[in-house]
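This report walks through some features of a protein structure, moving from a sheet and its helices to the contact between chains and two unusual points in the backbone. Please keep the structure in view while reading.

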Amino acid sequence: MSDIPQSRLRNFSIIAHIDHGKSTLADRLMEATHTVDPRQMTSQMLDSMDLEREKGITIKARAVRLEYAAADGLNYGLNLIDTPGHVDFAYEVSRSLQACDGAILVVDASQGIEAQTLANVHLAMKMGLVIIPVLNKIDLPASDPEAVMNELEETLAIPREEVILASAKEGRGITEILEALVKRIPAPSGPLEAPLKALVFDSHYDTYKGVVNYIRVQEGRLKMGEGITMMGSGAQCLPVELGYFRPQHVPVQVLQAGEVGYVATGLKSVRDARVGDTVTTTANPAASPLPGYQVALPLVFAGLYPVKGDDYPALREALEKLHLNDASFTFEAESSAALGFGFRCGFLGLLHMEIVQERLEREFNLQLIASAPSCKYQVHLSNGKGELLINNPAQLPSPNHIDEIREPWVNASIVTPSQYIGTIMDLSTDKRGIFDGMEYLDEKRVVMRFQIPLAELIVDYFDQLKSRTQGYASLDYVESEYRVAPLVKLDILVNGEPVDALSTIIHRDRAQGSGRNLASKLKELIPRQMFEVPIQAAIGGTIIARETVKAVRKNVLAKCYGGDITRKKKLLEKQKEGKERMKRVGSVEIPQEAFLAVLRTDSE
Amino acid sequence: MITPQPPRGLYLHVPFCRSLCPYCDFVVVAGAAAFGPRSRIGGYLRAVEREIDLRAAAVDRSFGALGSALRTGDGTRAPLESLYLGGGTPSLLPEEALAALIARVRDRFGLANGAEVTLECNPGVDERGDARAAVQAGVTRFSIGVQSMNVDALRDLGRRHTPDDVSECVAAVRAAGATSVSIDLLADLPNVSLESWAASLSDAIALDPDHMSVYALTLATDGADAGDADDRLATPAGALAWRARAAAAQDEERGAEELELLDRRLPAAGFDWYEISNWAREGHTSRHNRLYWQRAAVEAVGPGAHAFDGVRRRWNSANLDAWEASLHAGELPPGGADEPLSEEGAAAELLVLSLRMSTGVVRDEAMRGGFGEALRWGESNGLLAPHPDDSTRIQLTLRGRLLSNELFSRIV
């Protein structure tokens, strides 16, 4: 146990939009409280994954304890729980906030509040957290603190007197922030003598210590040597290690109510110690668990396949390992005639999908292809045969067995400079969005609201939004409901054989254009074969687009004399290697690159 | 165990041309190096004579001194069946130099009675040389680089001659008493319609040659064709640009139709195909080139020249300076060699080379050799069919000749 009493603990997180300076601020807070040896200080200390530093985003929640000698002469323990800022990881934010009593709201003084931030602040306020508003980057010439303070007052009812002006880059405002944490955020209040209740807000897997749970102790004490039980899973263990974060692990003997730390459980599966579970002591268990979290459900699904078929077992192993650290994605084996053996994976969003794929490729040295992303559809079968939930176009029954198909919709809100209203309106209605209203944040910025099918959002909405607004618009969305839609399965047939990896579920009105587009792209990508190869796009049995790859007519090396023989053999060997890398669809050989190219550019 | 064999032929590379053609990948030096006061032909001749001596001495050491073609097993080796002077433009060599080279080969390697001595020649007035002198020096066969009988196509290809020059050249070698006259043609030429190409073919047939080689124009546009071997020179940037333009104007369909046309027209004119790109009247197949397709041993001299001793392929550096400098210092020139092939590799290579020829292979033997899957694929796709004169053999069909790489890439 640390020597800081409960009354001098503060648990907080930082809410900020990407690039508004959250990580820099966290770095400054750690420096100012001498948490990290200056010689070991790297920028964005808390973002430990390369991927996080590269992309400038926080993917995993993290925690660190700052020990702060306040103006009142006392030492305080300030637990910072860092949260991801991207919409895909909203669930991590809500989890982290639940472990906190207050939050610093960081807003870029030149850019104002963004959609994601707005959503998170509302969430924090609903949970009763104290908000400490900070205007960052006031050193920038473009900063306009007055305008942003107006915006905060009008949209979030945050009084301007509470706002702290800061520049994390220049170290301005850091002391004020630390003092505000001490003075404004209440100390945790859980009873120390009650049976243990600790909330698991994150976890990772450690080869030596097993599952390590990040916990906020709400009531009672967690001690080394005392057996613990996961109230949700029922798993029991003896803690291998307890401690807090600086940000590296610092072992202690006891963690008590109000403290944030970790417990290494020695358990081998994250399923035994899930995020949201409550830890209690086995000998003196709590009567009821803490309210857990809503389990984050995957919204976006795609098949992940190894480029080299031999890598399938390696991919399985990699998925299992990665899943220990990120339980929010799902995977199950599937196979595709075109791509071979792989896994159907579920992700929280497109960025999450991209990150999981990149981590698999980098950390496990794999080359992967992802099939076109899909969402989860409700399929009402005819003749009272009930309902199917599918996340893979291949699972869609033929149209005569279907009464109706329902697709998920989301409520999207977009914060944007007002000059982009028109283009965002065009984009959103083009994506079947329904305009739901708009409010001005100030005279230059608006929040636009749309209802929009998730399937449209996950194709390329976000990319288009960014490019059409030069990156100025921000997007947030929440799932709303399932709605009936005239959806069809668009199949691509090569030489009469459907290529499962290229099937999509699509709105009927879009099928024609998309089918033509895919067929003409494939025509360019499929090399000439020994025979003429028709490429067709079809809905059910109806062909809606057709292209033809002509048969190869001539493939001959004319000269073959002394010096040509070696050269010719090298050429033939190259052609042979090329053939070996191809995937077979029926009797047609298609280079893997063709699938890659189509799957990467299916957004038009 | 395969052991090295004494050479049955000699390839002698003459790298000089009056000017460079942008599609050509052979080892060539042109312009001032080939003609006039700064000509390098003199230095080249001294070096290549030296190489003939050195290579012949090595052959003598390995296989015994030159004996008679009629006797074997007496510790001597047989004289060559073929000498091939290729280029470049070997007809640019001064007549006395040509005679001296052939005499030296006869002296050091031996030339059997009735050996084939081929001289490659270009039809241009300033490059065709003196056919009569060549025949007197021992040349029996002329291979003329015609390429096309279409005047615009010739200009576009960077050739120095016209169709009329071709007629004169053919007449001259005939008058000189050549035993065999071959002409080269190119197919799939950029910006040449099927009709023009057909007309050019008719004109070529009208020349009444004994042998025709027709090559689909192959344009190495990446310049990386040389690989890591130093047996080729870098392609000049201008030639690469020409090739990129020309490749864009080629047409796979049209090229295929031209080769199909060939298969109708040449047999009607008395030529039989005997190798993918070669047709001949009876008795006029190229003995030298058949040595390559039989994987027979062929020695080679000159910059960039490739030799094979039955086990290993080796080559000389294409760099004229380096090649010449070593020989002037009395040493063999720099170069490289491939690793000897495994038994299966050698069998695959022999199968591919055999299938290039109309004689094809004995089906059952080839099937037993482990190539059954590839051969059956070829049969079921119409690339291979029974030999018309020998039902135990299979040979490429016309379709098979056009698509041979589809089959061969399944064999290697």
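The model shown here is predicted. A good place to begin is a sheet in chain A, in which residue A:Thr330 stands opposite A:Gly346 of strand β19(A). Seven bridges join β18(A) to β19(A), a strand that covers residues 340-347, and the two run antiparallel. These strands belong to an open sheet of four strands, ordered β18-β19-β17-β20 in chain A, with antiparallel pairing. Because β18 (330-336) and β20 (368-370) of chain A stand at the edges and have a single partner strand each, one side of each is left without a neighbour in the sheet. From one strand to the next, the twist averages 30 degrees. As a general point, the strands of a sheet pair through backbone hydrogen bonds, and they may do so in a parallel or an antiparallel way.

Helix α7 of chain A, made of residues 312-325, packs on this sheet and touches β17 (300-306), β18, β19 and β20 of chain A, while its direction makes about 20 degrees with that of β19(A). Helix α7(A) also meets another helix, α8(A), which spans residues 350-363, and their axes cross at roughly 115 degrees and come within 10 Å. In this crossing, which is right-handed, α7(A) passes α8(A). On the side of α7(A) the contact is made by A:Leu315, A:Ala318, A:Leu319 and A:Leu322, and on the side of α8(A) by A:Val356, A:Arg359, A:Leu360 and A:Glu363. Sorted by class, the residues of this contact are six nonpolar, no polar and two charged.

Chain B offers a helix pair of its own, α11(B) with residues 343-356 and α12(B) with residues 363-380, which pack at an angle of about 65 degrees with their axes 11 Å apart. That angle makes α11(B) roughly perpendicular to α12(B). Here, too, the handedness can be stated: α11(B) passes α12(B) in a right-handed crossing. The residues that meet are B:Glu344, B:Ala347, B:Ala348, B:Leu351 and B:Leu355 from α11(B), and B:Ala366, B:Phe371 and B:Leu375 from α12(B). By class, this contact has seven nonpolar, no polar and one charged residues.

The two helix pairs are set out below.

| Helix pair | Angle | Axes |
|---|---|---|
| α7(A) and α8(A) | roughly 115 degrees | within 10 Å |
| α11(B) and α12(B) | about 65 degrees | 11 Å apart |

How many residues does each chain bring to the contact between chain A and chain B? Chain A gives 29 residues and chain B gives 44 residues. Between them the chains bury about 3,500 Å², with 52% of this on carbon and sulfur atoms. A:Met530, A:Arg553 and A:Lys554 supply 23% of the area that chain A buries against chain B, more than any other three residues.

Finally, two places in the backbone deserve attention. Most residues other than glycine have a negative phi, and most peptide bonds are trans. A:Asn383, however, has a positive phi near 60 degrees, and this residue lies in the loop between β21 (377-381) and β22 (387-390) of chain A. The hairpin formed by β21(A) and β22(A) has five residues between the strands, which pair in the antiparallel sense over four bridges, and within this pair A:Val379 stands opposite A:Leu388. In chain B, the peptide bond from B:Gly87 to B:Gly88 is cis, with omega near 15 degrees, and B:Gly88 is found in the loop between β4 (80-87) and α2 (95-108) of chain B.

Conventions: Residues are numbered from 1 along each chain as its sequence is written. Chains are lettered from A and ligands numbered from 1 in the order in which they are written. This is a predicted model: local features need pLDDT of at least 70, side-chain atom pairs count only at pLDDT 80 or more; totals for chains, interfaces and linings use all residues. Side-chain values use heavy atoms; hydrogens and water are left out. Two strands pair if DSSP finds at least two bridges between them. Axes are lines fitted to C-alpha atoms, for helices over the stretch in contact, and angles run from 0 to 180 degrees between N-to-C directions. Contact means heavy atoms within 4.5 Å. Angles under 35 degrees count as roughly parallel, over 145 as roughly antiparallel, 65 to 115 as roughly perpendicular and the rest as oblique. A crossing is left-handed if the near helix is turned anticlockwise from the far one by less than a right angle, and right-handed if clockwise. Ala, Val, Leu, Ile, Met, Phe, Trp, Tyr, Cys and Pro count as nonpolar, Asp, Glu, Lys and Arg as charged, and the others, Gly among them, as polar. Buried area is the accessible area (1.4 Å probe) that two parts lose on being put together, summed over both.
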